There are 2 protein chains.
Amino acid sequence: MRIARIETENGAEFAREIDGEWQTAQDPFTGVASGLVGRRIANPRFLAPVEPRVILGMAHNGSPENRSIAPQAFMKSARTAAGPGENVLFDPAIGRVIVEGELAVVVGRNARNLTPHNAMDAVLGYTIGNDVTATDQNALDSFWTQSKNGVNFTPLGPWIETDLDPDDASIQLVVNGSTVAEESTKRLARNISEILVYVTSHVTLGPGDIVLTGCPDTLYQVHPGDSFEISIAGIGTLAGGIESA
Amino acid sequence: MRIARIETENGAEFAREIDGEWQTAQDPFTGVASGLVGRRIANPRFLAPVEPRVILGMAHNGSPENRSIAPQAFMKSARTAAGPGENVLFDPAIGRVIVEGELAVVVGRNARNLTPHNAMDAVLGYTIGNDVTATDQNALDSFWTQSKNGVNFTPLGPWIETDLDPDDASIQLVVNGSTVAEESTKRLARNISEILVYVTSHVTLGPGDIVLTGCPDTLYQVHPGDSFEISIAGIGTLAGGIESA
């Protein structure tokens with residue numbers, strides 16, 4: 001099933017895809033609807049599919065070799081979440097900036113100290129995440145706070161897919177119309193269940209939170225004026241642009 | 001002026017102290033009230049005074065010598081925010097845990113790229129923050145994600161004080177009834193304006209966000225069963241306990 005957040009006359013409403021059409025739906029986390037459920041919305045304008053309180057990203061998880069390093073996760077500000085079509089903004093003085101196409105886990109419920117037995121029960125579904133990073137800043141700030149929190153530095157969307165094999169999902173990155181990278185989440189050092197067990201041993205997650213699972217070389221340097229499209233097989237395509245701040 | 005969030009029959013409501021009494025008030029960020037404004041609340045139960053989307057902490061900012069190091073800020077999960085009287089929870093297997101009494105800036109509006117000229121305009125007021133840290137984890141995780149995000153690891157409160165000189169506020173830390181540290185924010189390497197200019201050059205802040213300004217040696221190791229009280233002159237006292245998870 002696909003779940004989106006869309007802009008309607010009521011503001012932001014959740015929606016579901018039913019027989020190829022989008023219909024307004026209850027909030028998948030609270031069960032509460034913002035408007036009348038079941039209204040068909042033609043040409044929906046998609047927003048970031050969640051408003052997370054926590055966005056975590058896995059560091060050095062992009063290749064099988066990374067398995068020899070202890071897992072680590074960094075935090076991005078919840079205010080970096082952006083929707084499909086929104087532009088990533090930065091001042092070129094910040095140095096090199098890359099886009100990173102990643103599978104993003106959408107957490108469905110409160111979760112702490114998950115186990116291999118119950119980790120996947122905490123997942124509502126998956127969306128596409130772009131973990132935009134100002135890489136030159138990492139040398140200046142070991143916490144990565146300076147590299148990860150530019151304006152709209154975490155595009156998410158276009159919707160949540162609840163039915164997906166997260167451990168073998170193909171990610172394609174297109175910049176300015178050309179395919180620049182294509183890889184599978186099979187390459188990730190730690191799989192989705194292992195990531196959730198690790199992360200929730202240290203951080204409490206809750207409904208709508210996002211875990212960016214790591215970048216299996218699906219990254220590329222970008223400049224103001226560029227466009228990106230990240231596609232994950234079984235989900236869809238998240239597109240946006242790069243703009244000078 | 002003092003602004004609090006209190007538990008009422010309507011759930012959480014904002015309140016103001018007027019002539020020594022607490023009265024329900026509008027949300028200081030949105031102007032919207034959760035109930036009838038001006039109701040007097042006897043014996044209010046104070047909650048964390050904000051529900052932040054972003055909590056940032058200043059690293060190595062506790063002493064004048066730290067001024068020789070470039071500033072750095074780490075992020076704590078918004079879900080670590082806890083109210084007065086709530087217990088900090090951890091499993092002793094996490095290693096040493098300290099409480100850190102700090103002045104916490106409450107951000108009043110959207111803020112990015114603040115300047116020395118306008119930085120203080122973004123401040124709604126100040127509260128007391130306890131930046132609980134599992135210090136042994138820092139050696140294992142350079143991002144400090146593992147050390148900073150235990151359950152209720154950021155007690156905040158008891159209220160917001162809008163009238164305070166943040167650059168000379170005395171902080172007293174009491175553990176199990178004994179004063180274990182007392183220092184002024186005068187000792188901080190960078191003052192509040194400098195902190196806000198630095199932080200917002202990299203991270204967007206918004207209404208209700210919290211910046212923990214750094215710990216001028218107002219810290220102490222704690223164990224399950226301990227209690228803490230952090231007092232800041234001109235604000236009040238934030239109290240809580242430590243509990244084994």
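# A buried glutamate and a two-chain partnership

At 7% relative accessibility, Glu161(A) falls under the 20% limit and so counts as buried. That makes it a good place to start exploring this predicted model.

## Charged pairs within chain A

Side chains of opposite charge can pair when their charged atoms come close. Which residue pairs with Glu161(A) in a salt bridge? The partner is Arg2(A), with the closest N and O atoms 3.1 Å apart. This pair links distant parts of the chain: Glu161(A) sits in strand β12 (residues 154–161) and Arg2(A) in strand β1 (residues 2–8), 159 residues apart.

Strand β1 of chain A also holds Arg5(A), whose partner Glu51(A) lies in the loop between β5 (45–47) and β6, so this pair ties together parts that are 46 residues apart in sequence. The closest N and O atoms of Arg5(A) and Glu51(A) are 3.8 Å apart. Buried or exposed, what are these two partners? Arg5(A) counts as buried at 10% relative accessibility, whereas Glu51(A) counts as exposed at 59%.

Another pair joins two loops of chain A. Arg39(A) is in the loop between β3 (21–25) and β4 (40–41), and Glu9(A) is in the loop between β1 and β2 (11–18), so their salt bridge ties together parts that are 30 residues apart in sequence. Here Arg39(A) is buried, with a relative accessible area of 18%, and Glu9(A) is exposed at 63%. Salt bridges that share partners also join Arg2(A), Glu17(A) and Glu161(A) into one network.

The table below collects some salt bridges, including one that reaches into chain B.

| Salt bridge | Closest N and O atoms |
|---|---|
| Glu161(A) and Arg2(A) | 3.1 Å |
| Arg5(A) and Glu51(A) | 3.8 Å |
| Arg39(A) and Glu9(A) | 3.1 Å |
| Arg79(A) and Asp209(B) | 2.7 Å |

How many salt bridges does a search of the whole structure find? The total over all chains is 27.

## Where the two chains meet

Now let us turn to the contact between the chains. Chain A and chain B each bring 34 residues to it. The area buried between them is about 2800 Å², and carbon and sulfur atoms give 52% of that. On the chain A side, Arg53(A), Arg79(A) and Phe143(A) supply 30% of the area buried against chain B, more than any other three residues.

The interface has two salt bridges; one of them is the bond between Arg79(A) and Asp209(B). There are also 14 residue pairs in polar contact between the chains. In chain A, β7 (73–76) and α1 (145–148) each supply at least two residues of the side that touches chain B. The largest share, four residues, comes from β7(A). Sorted by class, this side of chain A has 16 nonpolar, 12 polar and six charged residues.

How are the two copies arranged? A turn of 180° with a shift of 0.0 Å along the axis lays chain A on chain B with an RMSD of 0.0 Å. The two copies are thus related as by a two-fold rotation axis. Phe143(A) has the C-alpha nearest the axis in chain A, 2.3 Å from it. Moreover, 100% of the interface residues of chain A are also interface residues in chain B, so the copies meet through the same surface.

## A covered helix

Helix α2 (residues 192–200) of chain A is mostly covered, with seven of its nine residues buried. Among them are Ile192(A), Ile195(A), Leu196(A) and Tyr198(A). What covers these buried residues? The cover includes β6 (55–58), β7, β10 (97–107), β11 (123–130) and β15 (210–212) of chain A, together with α1 (145–148) of chain B. At the N-terminal end of α2(A), Asn191(A) acts as a cap: a side-chain oxygen lies 3.3 Å from the backbone nitrogen of Ser193(A).

## A histidine in a loop

Our last stop is His223(A), found in the loop between β16 (219–222) and β17 (227–232) of chain A. At 44% relative accessibility, His223(A) counts as partly exposed. Leaving aside residues up to four places away in sequence, His223(A) touches Phe90(A) and Ile242(A). A polar contact of 3.5 Å joins the side chains of His223(A) and Gln221(A). The C-alpha atoms of His223(A) and Gly241(A) are separated by 9.5 Å, and these two residues are 18 residues apart along the chain.

Methods:
Residues are numbered from 1 along each chain as its sequence is written. Chains are lettered from A and ligands numbered from 1 in the order in which they are written. This is a predicted model: local features need pLDDT of at least 70, side-chain atom pairs count only at pLDDT 80 or more; totals for chains, interfaces and linings use all residues. Side-chain values use heavy atoms; hydrogens and water are left out. Contact means heavy atoms within 4.5 Å. Buried area is the accessible area (1.4 Å probe) that two parts lose on being put together, summed over both. A salt bridge is a side-chain nitrogen of Lys or Arg within 4 Å of a carboxyl oxygen of Asp or Glu. A polar contact is a pair of N or O atoms within 3.5 Å; within protein, one must be able to donate a hydrogen and the other to accept it, and residues adjacent in sequence count only if both atoms are side-chain atoms. Ala, Val, Leu, Ile, Met, Phe, Trp, Tyr, Cys and Pro count as nonpolar, Asp, Glu, Lys and Arg as charged, and the others, Gly among them, as polar. Copies are superposed by least squares on the C-alpha atoms of residues with pLDDT of at least 70 in both. Buried means under 20% relative accessible area, exposed over 50%, partly exposed in between (1.4 Å probe, protein chains only).
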